[in-house]
Amino acid sequence: MLQHREPGDDEDTALAAANLASHENRIDDVLVLLEDWRSFSDVGRMQALSTIGAQLLRHDRAQEAGEAHESAVRSDPNAQGSVFGEWLGVQSLVHLARARARTGDALGAAAALEAGSARTLRSGLEPTAQDIAAWAANAGAGTLHVAVGADDGIVIHVDPSGDALAIDLPHGRRVMARAIERLRQALQSGDRERAKSLARECSDTLIPAPIAERLLQAPEEARLLLLLHGVLEALPVATLTVNDHELDGRWTPHVLPGLPAARPGDAMVSNAMRW
């Protein structure tokens with residue numbers, strides 16, 4: 001039976017009921033319970049839009065899902081900081097990128113990830129799909145964008161021609177945080193074999209075979225721009241491998257918190273990120 005929100009129900013009640021309905025994959029209930037999301041608090045609106053978007057995406061309504069997640073990201077009350085908290089914010093970015101990728105716009109998916117990350121470093125300016133393509137063309141191996149949210153993640157490779165491929169990642173923040181912590185502990189203790197094994201697990205998860213195949217098409221020592229978001233910022237990148245090739249040996253990786261506000265060769269915007 002379709003569930004309705006009573007006029008007296010408060011925001012928390014509606015969000016809790018919608019969360020339960022979402023877990024039970026009852027999209028009609030979710031949409032009814034959260035139909036008044038515009039009247040919610042800042043955080044409530046973000047949570048409601050993220051929940052709506054996740055349900056729409058689950059039901060293959062990618063275009064509508066993208067619109068919901070775009071609104072969630074735009075609802076960030078701390079727009080000059082990181083996106084409204086890693087737990088909800090990065091997952092919303094992952095959902096937004098996934099929605100764009102499922103509509104056939106993987107390059108736009110990469111732009112969505114970067115537009116919602118490291119905002120203070122660009123004075124509020126957002127990179128476009130054309131900006132992403134320009135930076136990929138400037139690097140011999142392109143750009144690699146990886147984000148892990150609360151539940152799962154996404155990896156997107158943009159090659160120098162501007163062609164992009166997006167692949168869903170199965171693990172969320174907790175799993176990857178534990179994996180990274182174990183890897184760092186093995187490195188600190190000098191246990192090389194364990195560190196090598198753990199690094200391979202992280203590599204295989206974050207750089208799946210179709211992405212690895214694309215990277216291997218680049219010349220040796222080609223520059224690769226790596227943009228890691230969420231818990232992945234703590235990842236020891238030098239330990240990663242791609243089909244038995246050391247990432248830091250086969251390519252020349254550059255790890256960035258976000259893309260600058262200008263394209264390669266353009267003058268930097270005042271007060272924006274410089275490097």
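Helix α1 spans residues 11–23, and its 13 residues reach 18 Å from the first C-alpha to the last, close to the 18 Å expected at 1.5 Å a residue. Helices here are DSSP runs of H or I with at least four residues, and strands are E runs of at least two, numbered from the N terminus. The expected span is 1.5 Å times one less than the number of residues.

This is a predicted model, in which local features need pLDDT of at least 70, side-chain atom pairs count only at pLDDT 80 or more, and totals for chains, interfaces and linings use all residues. Residues are numbered from 1 along each chain as its sequence is written, and side-chain values use heavy atoms, leaving out hydrogens and water.

Now for the two sides of α1. Buried means under 20% relative accessible area, exposed over 50%, and partly exposed in between (1.4 Å probe, protein chains only).

| Set in α1 | Residues |
|---|---|
| Buried (under 20%) | Glu11, Ala14, Leu15, Ala17, Ala18, Ala21, Ser22 |
| Exposed (over 50%), on the face turned away from the buried side | Asp12, His23 |

The buried residues, from Glu11 to Ser22, lie on the same side of α1 because they cover an arc of only 165° around the axis (taken from the directions from the helix axis to the C-beta atoms). Their cover includes α2 (27–33) and α3 (42–58), where contact means heavy atoms within 4.5 Å. After α1 comes asparagine 25, with a positive phi near 60°.
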